[in-house]
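Thanks for making time this morning. I would like to walk through one model with you, starting from a single side chain and working outwards, so please have the viewer open.

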Amino acid sequence: MGAIRGKMDERILVCVFYGPNGERLIRRGHQLSSMLGCPLYILTVDALPIDEFDAEKTAYMDKWKDMTQELGAQEFVIRDDEKRPTAKVIAEVANQFDVTQIIIGQTAKSRWEEITKGSFINSLLRELPFVDLHVVSVARTIRASEDELFERGIRCYLMKEGDSYVLSFTQRKECQLEGIFFKEVGTDFNNGIFKFMDGNELHQVSVHDGKIDHPEKIKSCIET
């Protein structure tokens with residue numbers, strides 16, 4: 001797609017982060033850019049250098065690159081090895097391309113996190129006060145129908161138990177992390193996957209008999 005000018009001279013930037021929510025956001029951005037007849041840009045920001053991405057993250061990047069070409073977007077921008085706040089990086093790219101509208105996924109922060117750590121959305125609005133912001137709910141994209149191996153997701157919490165973390169389906173003061181649990185179809189045990197947000201990234205870990213398989217992943221997010 002060549003340089004296009006819409007009637008209102010609009011330019012749309014979709015911000016995608018690690019996880020399955022990215023494809024939905026990109027398609028939402030494409031729908032809007034098609035309606036307005038304007039350029040579409042796609043951005044991902046990561047604190048790691050690109051040569052340290054694991055296989056799953058690399059696969060997402062490749063998928064998003066393919067979608068950029070498939071949908072005729074102007075450019076897929078990767079800002080890796082970034083130590084600055086994500087909102088500042090997004091603002092820099094938005095100013096570079098004269099962006100007028102931004103699409104992001106809504107983070108699953110609790111109200112307490114919003115108060116103590118501040119809202120990412122508010123930070124972005126402060127950086128870009130004259131840009132329209134479209135927020136798409138992450139929860140709508142986290143569904144068991146991804147591969148039909150899991151039941152419908154239910155909200156739950158993690159509590160520390162020894163060196164590991166266990167699921168709790170009621171919120172208690174001991175709970176340390178909120179997320180969504182997808183139980184495997186056809187099992188009587190709490191086996192499946194637990195998905196949660198860390199900042200603006202969606203993560204998942206395996207669960208067996210109500211216990212997290214890789215507690216170090218949870219620990220690193222909680223202590224960050």
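Let me begin with Thr-44, whose side chain reaches the backbone oxygen of Val-16 at 2.9 Å. Before going further I should say that this is a predicted model, with a mean pLDDT of 81 for the protein and 83% of its residues at 70 or more. Thr-44 lies in strand E2, and is it buried or exposed? Thr-44 counts as buried because its relative accessible area is 3%, which falls under the 20% cut-off. Leaving aside neighbours within four places in sequence, Thr-44 is in contact with Val-16 and Phe-17, with Met-61 and Trp-64, and with the run Phe-76, Val-77, Ile-78 and Arg-79.

That brings me to the nonpolar cores. The largest of them has 21 residues, and those with the most contacts inside it are Leu-13, Cys-15, Leu-43, Ile-90, Ile-102, Leu-124 and Leu-128. Strands E1 (12–16), E2 (40–45) and E4 (101–106), together with helices H3 (86–96) and H5 (120–127), each supply at least two residues of this core. Which element gives the largest share? Helix H3 does, with six residues. If you select Ile-102 and leave aside its neighbours within four places in sequence, you will find it in contact with Leu-13, Cys-15, Ile-90, Ala-94, Leu-124 and Leu-128, and also with Val-131, Asp-132, Leu-133 and His-134. Apart from this core lies another, of 18 residues, among them Val-14, Ile-42, Met-61 and Ala-73. As background, nonpolar side chains tend to be buried together in soluble globular proteins.

Now for the later part of the chain. Strand E6 (residues 154–161) and strand E8 (residues 175–183) run antiparallel and are joined by six bridges; in that pairing, Met-159 has Cys-175 of E8 as its bridge partner. E8 also pairs with strand E9 (residues 192–198), again in the antiparallel sense, over four bridges, and there Phe-182 stands opposite Ile-193 in E9.

Within this region I would pick out Thr-170, which lies in the loop between strand E7 (164–168) and E8. Thr-170 counts as partly exposed because its relative accessibility is 45%. Its side chain makes a polar contact with the side chain of Arg-172, at 3.4 Å, and, not counting residues up to four places away in sequence, Thr-170 touches Tyr-157 and Cys-175. Thr-170 and Cys-156 are 14 residues apart in sequence, while their C-alpha atoms are 6.8 Å apart in space.

Stepping back to the whole protein, we have six helices and eleven strands, and buried residues make up 45% of the 224 residues. Among contacts with a separation of 6 or more, 63% are between residues 24 or more positions apart. The accessible surface comes to about 12500 Å², of which 48% belongs to carbon and sulfur atoms.

Finally, a word on confidence. Over residues 1–7 the pLDDT stays under 50, and the model has 14 contacts for them beyond four places in sequence. The pLDDT is also below 50 over residues 110–117, a stretch with six contacts in the model beyond near neighbours in sequence. I will stop there and take questions.

Methods
Residues are numbered from 1 along each chain as its sequence is written. This is a predicted model: local features need pLDDT of at least 70, side-chain atom pairs count only at pLDDT 80 or more; totals for chains, interfaces and linings use all residues. Side-chain values use heavy atoms; hydrogens and water are left out. Two strands pair if DSSP finds at least two bridges between them. Buried means under 20% relative accessible area, exposed over 50%, partly exposed in between (1.4 Å probe, protein chains only). Contact means heavy atoms within 4.5 Å. Accessible areas come from the Shrake-Rupley method with a 1.4 Å probe; for residues, only the protein chains shown count as cover. A nonpolar core is a set of buried Ala, Val, Leu, Ile, Met, Phe, Trp, Tyr and Cys residues joined through side-chain atoms within 4.5 Å. pLDDT is the predictor's confidence in each residue, from 0 to 100. A polar contact is a pair of N or O atoms within 3.5 Å; within protein, one must be able to donate a hydrogen and the other to accept it, and residues adjacent in sequence count only if both atoms are side-chain atoms.
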